[in-house]
Amino acid sequence: MSQDKIDVKEITPKDQQGDRFNPSHRIYVRESKGTYQRLRRYGGWFLLLLFALIPWLSYGERQAILFDLSQQQFNFFGTTLYPQDLTLLALLFMIAAFGLFFLTTFLGRVWCGYLCPQTVWTFMYIWFEEKLEGGANKRRKQDSNKLTAHLALRKTIKHLAWFAIALATGFTFVGYFVPIRDLVIDFFTLEASFWALFWVWFFALCTYGNAGWMRSIMCIHMCPYARFQSAMFDKDTFIVGYNSKRGEQRGPRSRKSDPKALGLGDCIDCDLCVQVCPTGIDIRNGLQYECINCGACIDACDTTMEKMGYEKGLISYTTEHRLAGNKTKVIRPKLLGYAGALLLMLGLFFVQVTSVDPAGLTVIRDRNQLFRTNNNHEIENTYTLKIINKTQQPQTYHLQVSGLVDVSWYGRQQVNVKPGEMVNVPLSLGVAPENLPSTVTTIQFILSDSQSFSTEVESRFIKPL
């Protein structure tokens, strides 16, 4: 096994094995304040506002960003993408994957602690819980006693607030796939379609259940990221770590006492690091896969150290090598490999984006009748041209054909197409038999606009043997 692998530690007390993550054993998360919690909170609010406002942005007469599944198109400001352009979506997923791998190898599970929707919504729900029911100790005591009318009222208000947030989340998420203005109006006028209603309620209930009830159970038992992250961790990965050399032996003492004279380390065993942890672990037991690197324990410990007059950083973002007294290697082959793959995917994505045509052309030959002879004694082939306007402005396109001599065009050669619209253009080409050198002639249909855009699609013209 590689020397850079982090050793696995079994830390669960034997009397708790099998019960540690029982859903009935609720975690009462204590409020934590500090540098990292401000960073997490401000980052979370920014992402929440971004998520909520994007569907309401308009570009021209359309929703700026809309995955329109019914029309099989994706509107992104001035561009409309169709299924044939979905290689961009695949590249975008690959960029996200390699970005996550790079971030995890370098900074551990900061995605989970600061950016993951599960974490953002969970901490938002906990905020309502604290404001309406009190701090962690008060909530624990209230829940262990008989339910009073006053407490029932506060809990009802809390759950109504939770569900209002969940319903707004459902609307917003579905609003990325269905025009959100129409969705909201149709929902409250009872005119929304069954599937629109289904998905709004589905995501609302999922949000309410995940952030309100499941919380750490979702992270620990259901999220696959917690399981495969160990493949990306090494002893140079920045994690939330406890400096046991400085902290042990733990023990309470007065602020004026000299810990060295008492044979104690800097840890006063206040357990605040455990009380503020959203997954209920004790970081002093070493790195655990349940840790989401949110930094709550760091802020709690730094506050305690400051009150005791000790140096901060007993719990900090550090590495296993640094905790062992060795030097951390920031630049290493694994990290460079992920960075190289990420840059490659970004480059491919940029090339694909810049090469997306503002219009698309598809040619379909008539399969029922390969050819016929018309009244002008010409050999005639029939085609259907599908023209897609991928821009957000109306366009006038011109059609031509190359590869044939003295061709007769039966159909429209100038087509007006609305923004994001696909138009079918049936047409026939007629050619005198003596102008056809072979049984099958390769031709090109040319689509151009009034600007500089032009595209060609190859097809065949067939005559009798």
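**Exercise 1. Annotated segments and their helix content**

Task: State which residues UniProt lists as "transmembrane region", and describe the chain over residues 86-107 and over residues 160-180.

Solution.
Step 1. The unreviewed UniProt entry lists residues 42-59, 86-107, 160-180, 192-211 and 335-353 under "transmembrane region". UniProt positions are in the numbering used here, feature names are shortened, and annotations may be inferred rather than shown by experiment.
Step 2. The model is predicted: local features need pLDDT of at least 70, side-chain atom pairs count only at pLDDT 80 or more, and totals for chains, interfaces and linings use all residues. Residues are numbered from 1 along each chain as its sequence is written, and side-chain values use heavy atoms, with hydrogens and water left out.
Step 3. Residues 86-107 are 95% helix and 0% strand, with 31 Å between the end C-alpha atoms. Helices (H or I, at least four residues) and strands (E, at least two) are DSSP runs, numbered from the N terminus.
Step 4. Residues 160-180 are 76% helix and 0% strand, and their end C-alpha atoms lie 23 Å apart.

**Exercise 2. The largest pocket**

Task: Give the volume of the largest pocket, and say which residues lie nearest its centre and how its lining divides.

Solution.
Step 1. On a 1 Å grid over the protein atoms alone, a pocket is an open set of points with protein on both sides within 12 Å along at least five of seven lines, where a cavity is a set in which a 1.4 Å probe fits but cannot get out; lining residues have an atom within 4 Å of a point.
Step 2. The largest pocket holds about 1700 Å³ of space. Grid points are joined across faces, edges and corners, and a volume is the space filled by probe spheres set on the points.
Step 3. The lining has 42 residues, with F67, F93, F173, Y176 and F177 nearest the centre.
Step 4. By type, 33 lining residues are nonpolar, seven polar and two charged. Here Ala, Val, Leu, Ile, Met, Phe, Trp, Tyr, Cys and Pro count as nonpolar, Asp, Glu, Lys and Arg as charged, and the others, Gly among them, as polar.

**Exercise 3. Buried sides of two helices**

Task: For α7, find which residues are buried and what covers them; then do so for α5, starting from its buried residues.

Solution.
Step 1. Helix α7 (residues 180-188) has I180, L183 and F187 buried. Buried means under 20% relative accessible area, exposed over 50%, and partly exposed in between (1.4 Å probe, protein chains only).
Step 2. These three residues are on the same side of α7 because they cover an arc of only 55° around the axis. The arc is that of the directions from the helix axis to the C-beta atoms.
Step 3. An α-helix has 3.6 residues a turn, so residues three or four places apart point the same way.
Step 4. The cover over the buried residues of α7 includes β2 (62-63), α6 (149-174) and α8 (194-214). Contact means heavy atoms within 4.5 Å.
Step 5. In helix α5 (residues 136-144), the buried residues are A136, R139 and Q142. Their arc of only 130° around the axis puts them on the same side of α5.
Step 6. Exposed K141 and S144 sit on the face of α5 turned away from its buried side. Among the elements covering the buried residues are α4 (117-133) and α6.

**Exercise 4. Unusual backbone angles**

Task: Say where L190, D406 and Q249 are placed, and give the backbone angle of interest for each.

Solution.
Step 1. Most residues other than glycine have a negative phi, and most peptide bonds are trans.
Step 2. L190 is not a glycine, yet its phi is positive, about 60°. L190 is in the loop between α7 and α8 and is exposed, at 78% relative accessibility.
Step 3. D406, also not a glycine, has a positive phi of about 50°. D406 is in the loop between β11 (395-402) and β12 (408-410) and is exposed, with a relative accessible area of 58%.
Step 4. The peptide bond from E248 to Q249 is cis, with omega near -5°. Q249 is in the loop between α11 (244-247) and α12 (272-275).

**Exercise 5. Residues apart along the chain**

Task: Which residues does R365 touch, not counting residues up to four places away in sequence?

Solution.
Step 1. R365 is in strand β8 (residues 359-365) and is buried, with a relative accessible area of 8%.
Step 2. R365 and Y383 are 18 residues apart along the chain, with 4.5 Å between their C-alpha atoms.
Step 3. The residues touched by R365, beyond those up to four places away in sequence, are L370, N381, T382, Y383, S459, R460 and I462.
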